[in-house]
Structures are given as structure tokens and as C-alpha cells.
Amino acid sequence: MDNRDSQEIRIGFYICHCGSNIAAMVDCPAVAKAIGKLAGVVLTRDYKYMCSDPGQELIRKDIAEFKLNRVVVASCSPLLHEKTFRGAVEAGGLNPFYFHMVNIREHDAWVHTDKAEATEKACALSRAAIRRVAKHKALEVKRVSVHPDVLVVGGGIAGIHAAMTIANAGRKVYLVEREPSIGGHMAKFDKTFPTLDCAACILTPKMSEAGSHPNITLMTYSEVAKMDGYVGNYTVTIKRKPRYIKEDVCTGCQECIANCVYKEPKFRDEFNEGLGKRKPVYIPFPQATPQVVAIDSRTCLNFKGGVLTDMCKKSCVAACGEKQAIDFTQQEILQEVKVGAIIIATGFQPFDAARIPQYGYGRYPNVYTALEIERLVNASGPTSGHVIMRDGTEPKSIGIIHCVGSRDQKTNRWCSKVCCMYSLKLAHLLKEHTGAEIYNFYIDMRTPGKGYEEFYDKLLEEGVHFIRGRVGEVTDWAASPEEEGKLVVRVEDTLAGYVRRIPFDMVVLATGLEPKSDAQDVRRLFNMSCGSEGFFLERHPKLAPVSTFSDGIYIAGCCQGPRDIPDTVAQAGAAAAEVLVLVDKGYIEQEPNTAFILDEECCGCKSCIPLCPYTAITFDATRKKAVINEALCKGCGTCVAACPSGSIVQNLFEDDEIFSEIEGVLAHD
Amino acid sequence: MKLKKRIIQYEAERVVGFADEIRNVPGCEELRSCIQCGTCSGVCPLSTYMDYSPRQIIGMVQSGFKDKALRSHTIWLCASCYSCAVECPRKIRITDIMYELKQRAIQERIYPRRFPIPILAQEFNKMAQTHGRVTENVLAAIMFLKSTWWTAFGMWRLGLGLMRRGRFPLHLESIKRKDELNRMLKTLDKVTIDMLHDERGKGEPARGGGR
């Protein structure tokens, strides 16, 4: 199909006004006129919207009418419309790679203020494209098959929903969760706003369904250690931490817990935010999925500092009896899985309230974080749902401080989006449980969402007090007799315009959401990007909200930014749909800008092999030549630049193409 | 009963551009980013005595109610403990803004009458400039005489105690080469805010200047 030599070059040049986006700064007809004088150009046109149907139709007709065999369009970024114009060129009967696009909008019109200079630049860029396109060769798009299995990282509500959606569509899913049970933060919540559904009641059916789904392979107490490969064909290494229990044998009877040598729970219970205690052998919460206990080697007597010592009399093993599900010799294992696409749903971590010392968290026992209150009001929590403070009393007055670690340039600048609503929910629940006087201290009430504003109205009706003002400090220093022994909140009621001191029994800090502390490691693991806040970056904030800059890797839930449960579930569904599009199609089309080796010139020096970021180059020992796997090559050009003998060539970026482009930019008419 | 105080503010009372004027002073650049959360008033140890809370003063400056802001007691009650500047979630240096307002109030002589603090500030400055030293009891005496002189009688016991301990010198303390001090102060006076701006402009772009 290479008709470069056999035919004369007939180039059609089109310049787009893009409404006034380009035309306001670039004199389009003048550019078209200047380019029309160049060798090989048989046709130039300027048109208002090249990307419109009539614009594309123009290209198709001209190819037939003027026997064009090369097309150049000067318009916006190739990211947006290269595909459109390649399609138009193909529809006109040409190979789509006989087309080249010039970006005179983002690279020119939008960044310049002088029309004459911008026009000159547009001419230079177009001239370069004209010279380059003459050297273009016909190329073919290659297809790479996609592995049908999917990996979901993170077993919170986002991960569970995405995994369930994909599994229900008939695809195999690996669901990897770091903790001993799936469920994530939602499992810790008591109720959900604004409907006050019990969080466990709506989550646990999904959890157990995910746990028993034939298409879902649950990997709890596991972490992703390594990811290799490329879109459609990823090889992921999963580190399975030893829980010292045979998962397939354990029935969840919990006899071992009852018979542990520790008669009383003694160790910090992570699930209850440290408000309760657990034993070294434990199950995080009653509805944990899988219903399998775990042994914590840091606290178990049979281990000392994590090393197996066989010091304990092992009453748990005796209690387990016939089943013999306890195995103290378990080791960490690395398991490899092959998947076509990956969904990252690693979630968030709550802001550490101790970072704002003036609110006294960690200093005054009766200052709580919101997540602690969720456990405190929960029937399966450490106090069986009774709101009893650390000093053993029930609070008569409670202050809820909003925006702790949100909207604050000293900690986190962003609004965490959910705190206003969950503070309202907690105010309602605390009032219901204790009948206490409740004050909310807010900067702005942010309740956009279906039924959210109505919920706010309901709380106002219930007699919960709302004071607009960010709290200055929480102190136990009493200025008057009624403040003795209480926590005093000093705040300006900004609407009334005076400063108030209000004594409380209990203070609740509505902590914001922030990226997980190891988000940067996860980002590197999966070749993603992070925004300035540290949340994973989506490909486009509006039009590609679940895609990342790595093909085949999608994000869902709070790892992308703070959001509530409805949004998380919606996003998880969107990510699952994107994955199904990829997996169900079965193949991906690959841009043919890959590199290849000129065998007769390769001297087998191997300098390219370690440089390739996609491990696409291997060495053929028998022929002593390097070999590039086209499916793995992303067209980055590193090997091309590094090859000492110049024997690596890259499609669409061949030397004569690049040199003619440079000549074009530098040439003067 | 006759209503004395009106709450409404008319557009004619606004000084358009006052906020920008303040914002151009080094240290006051972040003025615009205030979200009126009230943290400054919440942490201010003196906010309980102020006629307007620090948050309200920032609001007045932002809207250009210059006269109201400069006439307030608040700016004079600010003890520059910097709690507000430390706690402000927008990193606004409220104390620096208070200082700027105090300076302007003195320049325009619209501070509250018979209020000791602005008088103290001016007399302190005057004494330090002419003598190079401040004699505290004389300064206090001048402050009382120019403001609420009758309250000084209530402090006779303190004065007596100080005198007994030799802490009540009746002569003005002074440094030796006052002409050199004068030369230094004169040079300083020539340095204007604009010069400081130019100096900053050479190094790094002024904060907030590009908005």
C-alpha cells in the first residue's frame, strides 16, 4: 500500500476557525493562502468548524475530487479530534495515517496575545506538518486481546459494588482487601443519611453476596505487591498476609476466641476505633465477610514480637478440635493473577484530629471524633449502643464542631463534602439516644443532594442548635461556676455578632476525609497520578471521571476525592461499566506508533533492554538481536534515542519525518 | 424614645478601593480570602471587650467601610498576641491588618477620643524618638493626663509602692548621641511602602499581586 514513491504527493490543507477560538487570534485565510504556495499542496481551505459533519464531509469529498493522498488539519489538540479526522480520511478511501494534525489552538491561539505573531506561528507549525506528512507511510492498527478477568483493589462499598456488577455480568473478579474483612468504612457506620437506613442492614447483604458469589475470588488480609503488563494483559502479584487460620476450613464458630488464654479482651480494637478491646484471636465484627477469625501475631502469646515461639498452651487449637483450622506455621505467600483491567477503590482515611491541638482531641477524654461516635451509637459497638463517655457518664450537652481538617489552609484545603450531612445525622442519633442539648458549629451548611436539605430542616425542627462560627478552642478552663468540670467551647456566633463560651459534657469533631497515607505507594504501583491534595487523578474531571491516565486502570470511591455513599456507589457502577466495555470487546486497538528493529543493523549491544519502561524489549540469543514486542510497546521512543547504531525506528516518528518537520518550522517563505 | 443608632450602611459611606489599599500593604495580602468563619474572634482573648469582633472589622475593610473600621475600639484593643493569625484557616495575618488600620487611624486622626491606647502609642513613639529611651512612669502620666486623667487617682497605692522601691524616677531617661538616632530615623522615614514593594518585586513576585 506504500504509494509514497509511485505517486506524486497531493496534500490537502484545512485550517479550522473553531468559532472564534482560533480565528480571533490567527488570521486563518492568510495561513491558508501562505500554505497553498508550498510544494505538494494542491488544496487549502479555511472552515468555521472542521470537526462538524459538513467539515468532515469536506475532507471526504476533496479526497475523491482532487485525488488527495495526504491531509493536514490545523485545529485543536490531537487529543480531542485526531480520531475524528483520521476517520474522515479513512472514509475518503485513504490510509488514516496519511493524515497529520496541527495544534494551533492550545499551542497558539489560546496562549498568544499578538495576532500577527500568532498567525506567523500557525504558518510555521502548518509548514512543518506539510513537510512531515509527505513522508508518512501507510500503517495498520493492531489488535491486542484483553484478558477477561478483572481485579478490584479495596473491599469497601465501592469495591464491593464494582466487583458485584462485573461478577453479575459473568466475568471473574478478584477482590483484594487489606483488612481481615471486607466492608470498609461503611461497615463502621451506624446509620446513613438522609434516610437513616441502618448501614449494616444495607451493606451486609452485599458483603455476604460478594463473599459467596461464584465469580468473585475474595482475597482478604491481602495487598497488591506488584503490577506488570499493559492494558488488557496485567500480571498482578498479590501478597497474602498470614492470618494463621485456614480460610477454607474455618467455619466461624468462634470457639477459639472464647477459649483464648486471655480470658478478657485486652488489646486495642481497630474496628471500634480503639473504644473497645479484643483478644489476639478475633473476628473484626459480627457480620465480617469472610466469617473467618484472624490471629494477630503482634499480640498472640504464641508469638513473640511476631516470631513463632510455641510458648502458649494453645487452648484455641484445642477448642478448634477436629477441624484443625488454626495453623501457626502459615507464611506470607505471593500469588500471581492475570487480569485485563483493574479498578482501584482504596478509599480514604479520616483526618487525625490530634493535628489541631486547640480542639483537645487526645488531651480531653470527652472529645471524640465522628467515627468514634458512629461506633458509640452502634448497637454492635463497644457500649452496645449506649452513649457512655470515657468517664462513664452520659452526656447532657454535646457540641459538634464541623470542618475539622477541612477548608483549612494549615491542614487540608478542600471541603470534605460529607461532614455537614454526617454531623446532622450524628446530631439526630445522639439526641435520640441521650436527649441531650446539641449544638452544631459550622462555617457553611452544605447540604446539596436528594433529601439532604429536607433532613437539615428536620434537624432544625428537632431543636438542634446551629451556630455559624468556626470554634476557636475547646478548653477545660472554667470562667464561671456553670463551666466547672465541663469542656468549654469558645466561638463567635457570627450571625448574632458576639463571642460565646458554651460548656459541654461531650465534644464531637467532624473530621474531614483525606487520602490514605500510602496513597503515593499505590499510585506508583499502578502508574497513576495524584492531584495536589493526594487523591488519585481522574483522566478528565467531567468527561472521564473514573478513568486514569493508565489505560485499563479505573478509580472509584473516595480514593478519587471525598464523596458520600450514593456517589461512591454510582461511581463504582460507572467504573464497572467502563471495565465491561473493555473486557467484553475482547480486544483493544493499538496506535501503530510502535518501535521496530532493523535486524541487519542491530549489533546486539542490549543497551535498549534495561531502558524500556514497559519491558517490551527482549534479546534473541540465537540471532544476537534485540526484539520488540509490539503489544507491549507504548511508543515512548526511549530506545530509539538510545540505540547507538540507530537501528531502532519508530512508526510515525521516523528520522526523515522528524527532520522534515524541524525544517518546516525553521524554513522561511 | 429616640432611636440613636442606625444599622443600615449606605453606599455613600463606602470608600471604594479601601480594601485594595490595605491589601497592597505587605502582610495584608490575604485579606480577600476571608470566609467570615469567626475563628479569629473565637480565639481572640480580648474579643469579649471589643465593640466589633475582629471578623467584623475584616468584613468592614473588605466592603470598604473605612470610617467605621478606623473609629472602632477593636483595632486599639488588639494586643497583638497573634492568636488569630496563627489559627486563621485562610492564613490571613489579621494582626498585621490591625496594625495597618491603627496607623491609618492615627494619620487621619479619627481614633476614639479620650481613649488611652492610641494616645499611649503616639506618646511612646514621640518619647522614643526624642530621647531614645522610654521612661515608663512619665509616659503613663502623660497618657493619663491626655485621656482619662481622673482614673489615675485610683492608682495612688501602686504609685506609692513604686516610689518606695525606687521605681518612680522623676527625670527623663535619655541616650547619649541623640543626633545619630535622629539621622537613623530620618533615613527610615524616607523608605516608603512603595520602595519596599519595589524591593520585593526584584526578588520574587509580590504575594497576591498578580490576581
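Which residue in E7(A) is the bridge partner of Leu151(A)? In this predicted model, the partner turns out to be Tyr174(A). That pair is a handy way into chain A, since E6(A) and strand E7 (residues 173-176) of chain A run parallel and are joined by four bridges.

Zooming out a little, E6 and E7 belong to an open sheet of five strands in chain A, paired in parallel and ordered E10-E7-E6-E20-E31. At the edges sit strand E10 (216-219) and E31 of chain A, each of which pairs on one side only. Going from one strand to the next, the twist averages 20°. Helix H13 of chain A packs on this sheet, where H13(A) touches E6, E20 and E31 of chain A. The direction of H13(A) makes about 170° with that of E20(A).

H13(A) deserves a look of its own. It covers residues 565-585, which is 21 residues, and reaches 30 Å from its first C-alpha to its last. That is close to the 30 Å expected at 1.5 Å a residue. Its buried residues include Ile565(A), Val569(A), Ala572(A), Ala576(A), Val579(A) and Val583(A). Thr568(A), Gln571(A), Ala575(A), Glu578(A) and Leu582(A) are buried in H13(A) as well. An α-helix has 3.6 residues a turn, so residues three or four places apart point the same way. The buried residues of H13(A) pack against strands E6 (150-153), E8 (191-192), E20 (341-344) and E31 (553-555) of chain A, and also against helix H5 (157-168) of chain A. Just after the helix, Gly586(A) takes a positive phi of about 85°.

Another part of chain A brings two helices together. Two packed helices are described by the angle between their axes and the distance between the axes. For helix H10 (residues 419-434) and helix H11 (residues 452-461) of chain A, the axes come within 10 Å and cross at roughly 35°. The crossing of H10(A) and H11(A) is left-handed. On the H10(A) side, the residues that meet H11(A) are Met421(A), Leu424(A), Ala427(A) and His428(A). Facing them from H11(A) are Tyr452(A), Phe455(A), Tyr456(A) and Leu459(A). Sorted by class, this contact has seven nonpolar residues, one polar residue and no charged ones.

Now for chain A as a whole. Its secondary structure comes to 15 helices and 36 strands, and its C-alpha trace spans about 95 × 70 × 40 Å along the principal axes. Of the 669 residues in chain A, 46% are buried. Taking the contacts in chain A between residues at least 6 apart in sequence, 70% join residues at least 24 apart.

Chain A also meets chain B, with 17 residues of chain A in contact with 17 residues of chain B. Strand E27 (residues 487-493) of chain A gives the largest share of the chain A side, three residues. By class, the residues on that side of chain A divide into four nonpolar, six polar and seven charged.

Over in chain B, Ile117(B) sits in helix H8 (residues 116-131). Why does Ile117(B) count as partly exposed? There are 18 other C-beta atoms within 10 Å of Ile117(B), and a residue needs 20 or more to be buried but 12 or fewer to be exposed, so Ile117(B) falls in between. Ile117(B) and Leu172(B) are 55 residues apart in sequence, and their C-alpha atoms are 21 Å apart in space.

Notes:
Residues are numbered from 1 along each chain as its sequence is written. Chains are lettered from A and ligands numbered from 1 in the order in which they are written. This is a predicted model: local features need pLDDT of at least 70, side-chain atom pairs count only at pLDDT 80 or more; totals for chains, interfaces and linings use all residues. Two residues are in contact if their C-beta atoms, placed from the backbone, lie within 7 Å. The expected span of a helix is 1.5 Å times one less than its number of residues. Ala, Val, Leu, Ile, Met, Phe, Trp, Tyr, Cys and Pro count as nonpolar, Asp, Glu, Lys and Arg as charged, and the others, Gly among them, as polar. Axes are lines fitted to C-alpha atoms, for helices over the stretch in contact, and angles run from 0 to 180 degrees between N-to-C directions. A crossing is left-handed if the near helix is turned anticlockwise from the far one by less than a right angle, and right-handed if clockwise. Two strands pair if DSSP finds at least two bridges between them.
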